[in-house]
Amino acid sequence: MNKIFESANLGQITTSNRIAMAPMTRSRALPDGTPSAITAEYYAQRATVGLIITEGVQPSADGQGYLSTPGIFSDEHVTGWKNVMSAIHAKGGHAFMQLMHAGRMSHPDNTPHHRQPVAPSAIAPNTPMFTMKGMQDIPVPRALSTEEVRNTISDFRLAARKAVESGADGVEIHGANAYLIHQFLAPSANAREDVYGGSVENRARFAIEVASAIADEIGPERTAIRLSPGLKMWGIDEGDESADLYRYLVSELNKIKLAYLHVMHVGTDSLLQELRNLWDGDFILNRPGRKREEIGKDIESGLTNFESYGQMILANPDFVERIKTHSPLNEADHNSFYGGTEKGYTDYPFL
């Protein structure tokens, strides 16, 4: 397990270890989407991990899905994130900001403009969402026009520029977990008949063009992407061509020479190994539910360069030290995951 504590180069940064904090929605932003002072404290507490990947940050008003999530498309957002990034860097940490467009996983009551959600096609996910009025069914989204798809790519580009202006070491594109980019990949959510729908190549086009635009704007060494091959949730089903889709997508993304590929592994081990073989750069692997005794095994085996963890780092701001010293871990309080105050956010005890 010692390799996980070794320093490593990742894009343009050198990390102190090979542990990444996985992106986790916490819903504690100010009403306008600006991160608060307590958010800076939360991330700074966890800056001993090699890389922090922030919670999903919307690149536009259309990109917001949940209540009180942060944005990165206004000057106020940049100012707020500068405080967060400065706090992380002051503790010797590094952070990539995750850019997340929720697409159809949204509700008008949760967004600043209260408009109908947008998506590849007018297909509802058939699931409820929490709003200030309680749980409500997500409405049928409005299908983006071809021109609007290209405008959305421009939104991602602008958001990436503002993320770097705020001090982020880079950005991670959220291409997983049933949000907009994942919706384009899945035939169950994408019934388009233009260049962004139909074939494997067309369904992968949006993800590739977003990555290319951001890499062009801030540099490929500051650009990364997260994928979740085989994940079925909220009406997402990649279909029988799922393996072919990801082989093609990863091969094309590999040509851009991104800082890293972050895979949330819920599919088959054989496909995971194939994708790893197709990827020439750094690789972050997230295995949901990975047990403590398995920490570091994927690095030792050579399957990945970095391992990412979510709830264990959420509940243990000194996660690296606890793992090194074989100390007990705090248990995560599920009731305080989303929204609220410092309880379950910045009050987890250190050793």
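F156, F184, Y196 and F206 form one aromatic cluster. The model in front of you is predicted. One member of that cluster, F156, is a buried residue of helix α3, and this helix is a good place to begin.

Helix α3 covers residues 146-165. At 1.5 Å a residue, its 20 residues should span 28 Å. Its end C-alpha atoms lie 29 Å apart, which agrees. The buried residues of α3 are V149, T152, I153, F156, A159, A160, K162 and A163. What covers them? The cover includes helices α2 (75-90), α4 (180-185) and α5 (200-218). It also includes strands β5 (95-99) and β10 (170-174). After α3 comes G167. Its phi is positive, near 105 degrees.

Strands β5 and β10 lead on to the barrel. Eight strands close into it, in the order β3-β4-β5-β10-β11-β12-β13-β14. Their pairing is parallel. From one strand to the next, the twist averages 25 degrees. Take β13 (residues 282-286) and β14 (residues 306-309) as an example. They run parallel, and two bridges join them. Here L285 stands opposite E307 in β14.

Helices pack on these strands. Helix α5 touches β5, β10 and β11 (223-227). Its direction makes about 170 degrees with that of β10. Helix α1 (residues 37-45) lies across β3 (19-21) and β4 (51-57). It runs at about 145 degrees to β4.

Now return to the aromatic rings. The structure holds 10 aromatic pairs. A pair of aromatic rings is described by the distance of the centres and the angle of the planes. In one pair, Y179 and W234, the ring centres are 5.9 Å apart. The planes meet at 55 degrees, so the pair is tilted. This pair links distant parts of the chain, 55 residues apart. Y179 sits in the loop between β10 and α4. W234 sits in the loop between β11 and α6 (242-254).

Are these two residues buried or exposed? Y179 counts as buried, because its relative accessibility is 7%. W234 has a relative accessible area of 29%, so it is partly exposed.

F337 and Y338 form another pair, with ring centres 6.2 Å apart. Their planes stand at 85 degrees, so this pair is edge-to-face. F337 is buried, with a relative accessible area of 9%. Y338, at 56%, is exposed.

Methods: Residues are numbered from 1 along each chain as its sequence is written. This is a predicted model: local features need pLDDT of at least 70, side-chain atom pairs count only at pLDDT 80 or more; totals for chains, interfaces and linings use all residues. Side-chain values use heavy atoms; hydrogens and water are left out. Helices (H or I, at least four residues) and strands (E, at least two) are DSSP runs, numbered from the N terminus. The expected span of a helix is 1.5 Å times one less than its number of residues. Buried means under 20% relative accessible area, exposed over 50%, partly exposed in between (1.4 Å probe, protein chains only). Contact means heavy atoms within 4.5 Å. Two strands pair if DSSP finds at least two bridges between them. Axes are lines fitted to C-alpha atoms, for helices over the stretch in contact, and angles run from 0 to 180 degrees between N-to-C directions. Rings of Phe, Tyr and Trp (its six-membered ring) pair if their centres lie within 6.5 Å; planes under 30 degrees apart count as stacked, over 60 as edge-to-face and the rest as tilted.
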